[in-house]
Amino acid sequence: MTWRRLLSRALAAMTGPRPVVLTGPSGAGKSTLLKKLMKDYENVFGFSVSHTTRQPRPGEVNGKDYHFVTREEMQKEVSAGGFIEHAEFSGNMYGTSKAAVQAVQAQNLICILDVDMQGVKNLKKTDLHPIYISVQPPSIETLEKRLRDRQTETEESLQKRLNAACIDMELSKEPGLFDLIIINNDLEEAYSKLKAILAEEIQKAQESTKS
Ligand code: ADP
Ligand code: 5GP
């Protein structure tokens, strides 16, 4: 075991279960995978509900999928120091509030964060020490098809997301940036890989709820 791993274990023991960051291009399958995980392990994981200034998609629930806010509201809360990290993505603001993470950690659940690449870079500067997992599409063409089939984006938003995806996939090549990169081709295979890397944390969380 490397000293890094030993150190992160020691920190985890002091601060409770290690959070998990899911990142990767929009449309790669992060929400699909994390919803499966939260459904299969209801009392193990809790989602850090981010703030965003984008409009809700059909079916998205305020306070569950995101806290949907105006740019003014969000800027005010950011200035007040309420955010761990925040970023501009595809013309909208997104951010993780301190309260969102604390709400999950207060229940002793493993906190899952879904953030973009800027979020990853900024979280690396904090003392959160999460497990970093990147979910990637098998190709840009597949990503485009998934985003089109999802029918949630305008043509303009779709193009912005594809541009961001190309940058994201280039930056993701940086060695050591992630604990795991999952290529989400077959969903069940991708889900198995996600469960495998989290197995130890899941077991710890399940044991702590038993005791
Ligand atoms: P993200 O949260 O990363 O933006 P989603 O989870 O919304 O991505 O997935 C984008 C779209 O692709 C959704 O319509 C989802 O049902 C679909 N999808 C996700 N994973 C797969 C997969 N392995 N094969 C085919 N379609 C997938
Ligand atoms: P979407 O609009 O598709 O829900 O999300 C767009 C992008 O914003 C995705 O890459 C998603 O990971 C990212 N995102 C969602 N919440 C946050 C957040 O709190 N912080 C950051 N930095 N990115 C976020």
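A residue is called buried when its relative accessible area is under 20%. Keep that cut-off in mind as you move through this structure, which is a predicted model.

**Stop 1: strand β8**

Start by selecting residues 131-136, which make up strand β8. Six of the six residues here are buried, so the strand is largely enclosed by the rest of the structure. Now show the side chains and look along the strand. I131, I133 and V135 point one way, while Y132, S134 and Q136 point the other way. Whichever way they point, all of these residues are buried.

**Stop 2: the strands beside β8**

Keep β8 on screen and add residues 20-23, which form strand β1. Strands β1 and β8 run parallel and are joined by four bridges. To find your place in this pairing, pick V21, which stands opposite Y132 of β8.

Next, add strand β9, residues 180-183. This strand also runs parallel to β8, and four bridges join the two. Here the pair to pick is S134 with I181, its bridge partner in β9.

**Stop 3: salt bridges**

How many salt bridges does a search of the whole structure find? There are 15, and three of them make good stops.

Select R71 and E88 to begin. They form a salt bridge whose closest N and O atoms are 2.8 Å apart. R71 belongs to helix α3 (residues 71-79) and E88 to strand β5 (residues 83-89), so the pair ties together parts that are 17 residues apart in sequence. Both partners are partly exposed: R71 has a relative accessibility of 31%, and E88 has a relative accessible area of 38%.

Move on to helix α6, residues 140-150, and select R148 and E144. Their side chains meet in a salt bridge, with 3.0 Å from N to O. The two residues are four apart in this helix, about one turn. R148 counts as partly exposed at 37%, and so does E144 at 26%.

For the third pair, pick E153 and R150, whose side chains meet in a salt bridge at 3.2 Å, N to O. Is E153 buried or exposed? With a relative accessible area of 18%, E153 is buried, whereas R150 is partly exposed at 33%. Now widen the selection to R54, R57, E60, R150, E153 and R161, which salt bridges with shared partners join into one network.

**Stop 4: the cysteines**

Select C111 and C166 next. C111 is buried, at 1% relative accessibility, while C166 is partly exposed at 40%. A disulfide is a covalent bond between the sulfur atoms of two cysteines. How many disulfides does a search of the whole structure find? The count is zero.

**Stop 5: ligand 1**

Finish by selecting ligand 1 and the 13 residues that surround it. The closest are G27, S31, T32, R150 and N184. You met R150 a moment ago, in the salt bridge with E153.

Now look at the backbone atoms around the ligand. A backbone N or O atom of K30 lies 2.9 Å from an oxygen atom of ligand 1. A polar backbone atom of A28 is 3.3 Å from an oxygen atom of the ligand. At L187, a backbone N or O atom lies 3.4 Å from a nitrogen atom of ligand 1. Switch on a surface to see how the ligand is covered: on its own it has 560 Å² of accessible area, and the protein covers 74% of that.

How values were computed: Residues are numbered from 1 along each chain as its sequence is written. Chains are lettered from A and ligands numbered from 1 in the order in which they are written. This is a predicted model: local features need pLDDT of at least 70, side-chain atom pairs count only at pLDDT 80 or more; totals for chains, interfaces and linings use all residues. Side-chain values use heavy atoms; hydrogens and water are left out. Buried means under 20% relative accessible area, exposed over 50%, partly exposed in between (1.4 Å probe, protein chains only). Two strands pair if DSSP finds at least two bridges between them. A salt bridge is a side-chain nitrogen of Lys or Arg within 4 Å of a carboxyl oxygen of Asp or Glu. A disulfide is a pair of cysteine sulfur atoms within 2.5 Å. A residue is near a molecule or strand if one of its heavy atoms lies within 4 Å of it. A polar contact is a pair of N or O atoms within 3.5 Å; within protein, one must be able to donate a hydrogen and the other to accept it, and residues adjacent in sequence count only if both atoms are side-chain atoms. Accessible areas come from the Shrake-Rupley method with a 1.4 Å probe; for residues, only the protein chains shown count as cover.
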